[in-house]
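Here is a predicted model to work through. Keep the sequence and the coordinates open while reading the questions below.

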Amino acid sequence: MADFDIVGLGEPLIEFNQTQAGERQYLQGVGGDTSNAVIAAARQGARCAYLTRVGDDAFGEQLLELWRAEGVDTQGVLTDSGGHTGMYFVQHGPDGHVFSYLRAGSAASRMQPDDLELGLVERARFLHVSGISLAISASACDTVFAAMARARAAGTEVSLDSNLRLRLWPLARARAILREALTQADLFLPSMDDLRHLTGHEDPERTLDWIREAGAPGVVVLKLGKDGAVIDDGESRVRVPGHPVKAVDATGAGDCFAGNLLARRCLGDDWRAAVTYANVAAALSTQGYGAVEPLPRAEAVLAKMAEG
């Protein structure tokens, strides 16, 4: 039995989230896609750990305190005095949320393959990484591929969220690296918003065809936002509807979906049941501001599901 259900690897960030469109008031929180996902999973009872670097600063300490409070193992978190803890701002408008980042030279971008020597990847059922983990620097990209190689050698399943951020890298580089990474993922979690940039397609079926032609070997769960998701297990495709709610901030919804999906798989759910649960959890996470604060706990998700 693995020591951990999920080990995440990536860049944690300090978040400043605009609570009213057009106003200059920001709520301070925390974010970072893979960190959000492991916290979401931990709130469902999964045994989680995180791999990253944080700055030797007050924000780095704040992140460490958060993970410990959430029950996320931090032995793989290194404090790096040569880099700062990154941050981002979220602004809200009629077309959704807009992100602005202050992350150049962050401690997490200084990750190296040697940071994996503790062996946490080998002790997990799932390794969870993302397009952001791959994009923040060349050394972080190398670290992700090294982690995936370790996972394959140890029998740890690899979960990859596309999380495409074109402010971080050119489209051609993103397409090349994500195409290579998805060939090494047991679970690929792309979104239509991301994949339309990579594929040029607006149709989920054509998008899934492109993913398979690119060499995805495992299960693909294509996220459709409020419209739910499509599960492609290589033999059939199943559409799972979304869960309608009145959303105020979708900043961490995709990460919430990923964390809950992985947690439910670890608890024994089949793919449809896990995606159904993750859809409800992600919907609930949009009803508050910030990436972490609104992430629901199991009792809230189960109560919402019981409402029918």
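Q: How many residues does helix 8 have, and what is its reach from first C-alpha to last?
A: In this predicted model, helix 8 runs over residues 253–266. At 1.5 Å a residue, a span of 20 Å is expected. The computed reach is close to that expectation: helix 8 has 14 residues and reaches 20 Å.

Q: How many of the residues of helix 8 are buried?
A: Buried means under 20% relative accessible area. Helix 8 is largely enclosed by the rest of the structure, because the buried residues number 13 of the 14.

Q: Which residue with a positive phi follows helix 8?
A: Helix 8 ends at residue 266. The phi in question is near 105°. The residue that follows helix 8 with this positive phi is G268.

Q: Are helix 1 and helix 8 parallel or oblique to each other?
A: Two packed helices are described by the angle between their axes and the distance between the axes. For helix 1 (residues 33–42) and helix 8, the axes come within 7 Å and cross at roughly 45°. Roughly parallel would need an angle under 35 degrees, and roughly perpendicular would need 65 to 115. The two helices are therefore oblique.

Q: Which residues of helix 8 meet helix 1, and what is the handedness of the crossing?
A: Helix 1 contributes D33, N36, A37, A40 and A41. On the other side, helix 8 contributes D255, C256, A258, G259, N260 and A263. By class, this contact has 6 nonpolar, 3 polar and 2 charged residues. The crossing of helix 1 with helix 8 is right-handed.

Q: Is G259 buried or exposed?
A: G259 is found in helix 8. The cut-off for buried is under 20% relative accessible area. G259 has 1% relative accessibility, so G259 counts as buried.

Q: Which residues does G259 contact, leaving aside its neighbours within four places in sequence?
A: G259 is one of the helix 8 residues that meet helix 1. Its contacts, with those neighbours left aside, are A37, A40 and A41.

Q: What distance separates the C-alpha atoms of G259 and V129?
A: Along the chain, G259 and V129 are 130 residues apart. In space, their C-alpha atoms are separated by 11 Å.

Q: At what angle do the axes of helix 8 and helix 9 cross?
A: Helix 9 covers residues 271–285. Its axis and that of helix 8 come within 8 Å. Helix 8 passes helix 9 in a right-handed crossing. The crossing angle is roughly 145°.

Q: How do the residues of the contact of helix 8 with helix 9 divide?
A: From helix 8 come A253, C256, F257, N260, L261, R264 and R265. From helix 9 come W271, A274, V275, Y277, A278, N279, A281, A282 and S285. The residues of this contact divide into 11 nonpolar, 3 polar and 2 charged.

Q: Which residues does S285 touch, not counting residues up to four places away in sequence?
A: S285 has its place in helix 9. At 4% relative accessibility, S285 counts as buried. With those sequence neighbours not counted, S285 touches D249, G252, A253, C256, P294, L295 and P296.

Q: Is S159 buried or exposed?
A: S159 lies in strand 10. Residues up to four places away aside, S159 touches L127, H128, V129, L187, L189 and L262. Its relative accessibility is 0%, so S159 counts as buried.

Q: Which residue in the loop between strand 10 and helix 5 has a positive phi?
A: Strand 10 covers 157–161 and helix 5 covers 171–182. The residue in question is not a glycine, and its phi is about 30°. At a relative accessible area of 9%, this residue is buried. The residue is N163.

Q: How far apart in space are V238 and H84?
A: V238 has its place in strand 14 (residues 237–240). At 28% relative accessibility, V238 counts as partly exposed. V238 and H84 are 154 residues apart in sequence. C-alpha to C-alpha, the distance is 43 Å.

Q: What is the relative accessible area of A149?
A: A149 is found in helix 4 (residues 138–154). A149 and D233 are 22 Å apart in space, C-alpha to C-alpha. A149 is partly exposed, with a relative accessible area of 34%.

How values were computed:
Residues are numbered from 1 along each chain as its sequence is written. This is a predicted model: local features need pLDDT of at least 70, side-chain atom pairs count only at pLDDT 80 or more; totals for chains, interfaces and linings use all residues. Side-chain values use heavy atoms; hydrogens and water are left out. Axes are lines fitted to C-alpha atoms, for helices over the stretch in contact, and angles run from 0 to 180 degrees between N-to-C directions. Helices (H or I, at least four residues) and strands (E, at least two) are DSSP runs, numbered from the N terminus. Angles under 35 degrees count as roughly parallel, over 145 as roughly antiparallel, 65 to 115 as roughly perpendicular and the rest as oblique. A crossing is left-handed if the near helix is turned anticlockwise from the far one by less than a right angle, and right-handed if clockwise. Contact means heavy atoms within 4.5 Å. Ala, Val, Leu, Ile, Met, Phe, Trp, Tyr, Cys and Pro count as nonpolar, Asp, Glu, Lys and Arg as charged, and the others, Gly among them, as polar. The expected span of a helix is 1.5 Å times one less than its number of residues. Buried means under 20% relative accessible area, exposed over 50%, partly exposed in between (1.4 Å probe, protein chains only).
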